[in-house]
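Please look over the sequence and the model below before reading on. The report that follows begins with a single residue in a loop and then widens its view to the whole chain.

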Amino acid sequence: MRSFADLPEYDDGVAVSTQISRAPMINLGVIGTGQFASYFIGGLRRGGYDGEVLLAPRNADVASTLACKHDCVVAASAQEVLAGADVILLSVRPEYAEAALANLSWEGRHTILSAMAGIPIDDLRALLPGVGGIHLIMPGSYIETAPGPIPLYPPAPELMPLLSCIGDVIALPNEGAFNAAMVSLCASTWIYDLADVLASELERHGLEPDAARALTLSNIAGPASFALGLPGRSLLDISAGIATEGTFTRTGLDHLKACCFDAPWREAIARLAESLRPGA
Ligand SMILES: NC(=O)c1ccc[n+]([C@@H]2O[C@H](COP(=O)([O-])OP(=O)(O)OC[C@H]3O[C@@H](n4cnc5c(N)ncnc54)[C@H](OP(=O)(O)O)[C@@H]3O)[C@@H](O)[C@H]2O)c1
């Protein structure tokens, strides 16, 4: 258990926190008990969160699985979720948000965590009259088994005891930055497809499938972990220090650069960023 001494450090509006402090336990309510809620709750329990989790009853299969697996309570209605919890995770699909949130009695004591991709804070304010705080979060599905970053906007020091159970909270200074973090989450899934290409080519050139998969994934995780440990050093500088003139690594990298390997990745990011621009 980490302590209050590790409270979040704010630097130009960006906070990174990994602490689990001894604040009063937060009870969590969930409206939208599907895939996202399952891995979010799994991540909380993995990280030691032992507060009450109250689930909306819709999707009885997922709700009863979560109740058994992660010690959650299935409420009789969404309104009962609001009655029993102060922090409410909203994780219905964006197209169902209006229907799911209408006719509920929100109160100033409610703090909202919205995982509903692409619904801006101003729209949420209109859907949630009378609530206290509204925050956007966007962690990846792997948080159920491994710590991961939790993009958060706006910052919420009072939610750190809850969110830091899952991983490092990356508090973003504005909604544009939050949207860019959401694109980063999308790109993290593209890495599976890139890894599949790498592994299948390694198989074609002599590796057994299990070895190709393990080597490929470890050789993605290893450099990522190494570079995270060197926050002041540019990624290109790390690469240049390894892929020096005359090495096999440099030969392959020169070929990729000559083929403009970065172009489709830049284009995919630009497309998503554009679609998330206000008014797009
Ligand atoms: N899955 C991801 O990896 C991921 C990642 C980041 C963000 N998100 C966000 O998380 C949200 C949920 O995505 P998901 O993949 O978890 O979808 P999902 O598996 O379909 O879960 C949505 C849940 O909401 C329930 N629901 C629908 N209408 C409702 C209502 N009126 N009241 C209460 N519950 C209602 C659904 O129940 P029924 O099945 O009975 O309709 C379902 O259990 C989306 O907004 C998405 O943008 C998802």
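## A report on the predicted model

Cys 260 has a relative accessible area of 44%, and because this value falls between the 20% limit for buried and the 50% limit for exposed, the residue counts as partly exposed. In this predicted model, Cys 260 sits in the loop that links helix H10 (248-258) to helix H11 (263-276). Its backbone is also worth noting, since Cys 260 takes a positive phi of about 55° although it is not a glycine.

A second residue can be described in the same terms. Asn 59 belongs to the loop between strand S4 (53-55) and helix H2 (60-70), and its phi is positive as well, at about 70°, although Asn 59 is not a glycine. With a relative accessible area of 38%, Asn 59 is partly exposed. A positive phi is also found at Gly 48, which lies just after helix H1 and has a value of about 100°. The table sets these three residues side by side.

| Residue | Phi | Place |
|---|---|---|
| Cys 260 | about 55° | loop between H10 and H11 |
| Asn 59 | about 70° | loop between S4 and H2 |
| Gly 48 | about 100° | just after H1 |

Another backbone feature concerns a peptide bond, namely the one from Tyr 153 to Pro 154, which is cis, with omega near -15°. Pro 154 lies in the loop between strand S9 (150-153) and helix H6.

### The chain as a whole

The secondary structure of the chain comes to 11 helices and 10 strands, and the C-alpha trace spans about 65 × 40 × 40 Å along its principal axes. Of the 280 residues in the chain, 36% count as buried. When contacts between residues at least 6 apart in sequence are considered, 55% of them join residues that are at least 24 apart.

The domain assignment divides the chain into domain 1 (4-173) and domain 2 (179-276). The centres of domain 1 and domain 2, taken over C-alpha atoms, are separated by 31 Å, and where the domains touch, seven residues of domain 1 are in contact with four residues of domain 2.

### Helix H1 and a pocket

Does the length of helix H1 agree or disagree with what its number of residues leads one to expect? At 1.5 Å a residue, the 12 residues of H1 should span 16 Å, and the C-alpha atoms at the two ends are 16 Å apart, so the expected and the modelled values agree. H1 is mostly covered, with 10 of its 12 residues buried; among the buried residues are Phe 36, Tyr 39, Phe 40, Ile 41 and Leu 44.

H1 also takes part in the lining of the second largest pocket, which holds about 830 Å³ of space. This pocket is lined by 27 residues, of which Gly 32, Gly 34, Ser 91, Val 92 and Arg 93 lie nearest its centre. The elements that give two or more residues to the lining are helix H1 (35-46), helix H4 (97-101) and helix H7 (175-204), and the largest share, three residues, comes from H1. By type, the lining of the second largest pocket divides into 18 nonpolar, six polar and three charged residues.

### Two residues and their contacts

Which residues does Leu 163 contact, once its neighbours within four places in sequence are left aside? They are Phe 40, Leu 113, Ile 137, Ile 150, Leu 152 and Val 169. Leu 163 is placed in helix H6 (residues 160-163), and because its relative accessible area is 0%, which is under the 20% limit, Leu 163 is buried. The C-alpha atoms of Leu 163 and Arg 233, which are 70 residues apart along the chain, are separated by 28 Å.

Val 73, by comparison, has a relative accessibility of 38% and therefore counts as partly exposed. Val 73 is located in strand S5 (residues 73-74), and, leaving aside its neighbours within four places in sequence, Val 73 is in contact with Val 53, Leu 54 and Leu 55. The C-alpha atoms of Val 73 and Leu 54 are separated by 4.9 Å, while the two residues are 19 residues apart along the chain.

Notes. Residues numbered from 1 in each chain as written. Predicted model: local features only at pLDDT ≥ 70, side-chain atom pairs only at ≥ 80, totals over all residues. Heavy atoms only, no water. 1 Å grid on protein atoms, 1.4 Å probe; cavity = no way out; pocket = protein on both sides within 12 Å on 5 of 7 lines; lining within 4 Å. Points joined across faces, edges and corners; volume = space filled by probe spheres on them. Helix = DSSP H or I, 4+ residues; strand = E, 2+ residues; numbered from the N terminus. Nonpolar A, V, L, I, M, F, W, Y, C, P; charged D, E, K, R; others polar. Expected span 1.5 Å × (residues − 1). Buried < 20%, exposed > 50% of the residue type's maximum accessible area, 1.4 Å probe, protein only. Domains from an automatic or database assignment. Contact = heavy atoms within 4.5 Å.
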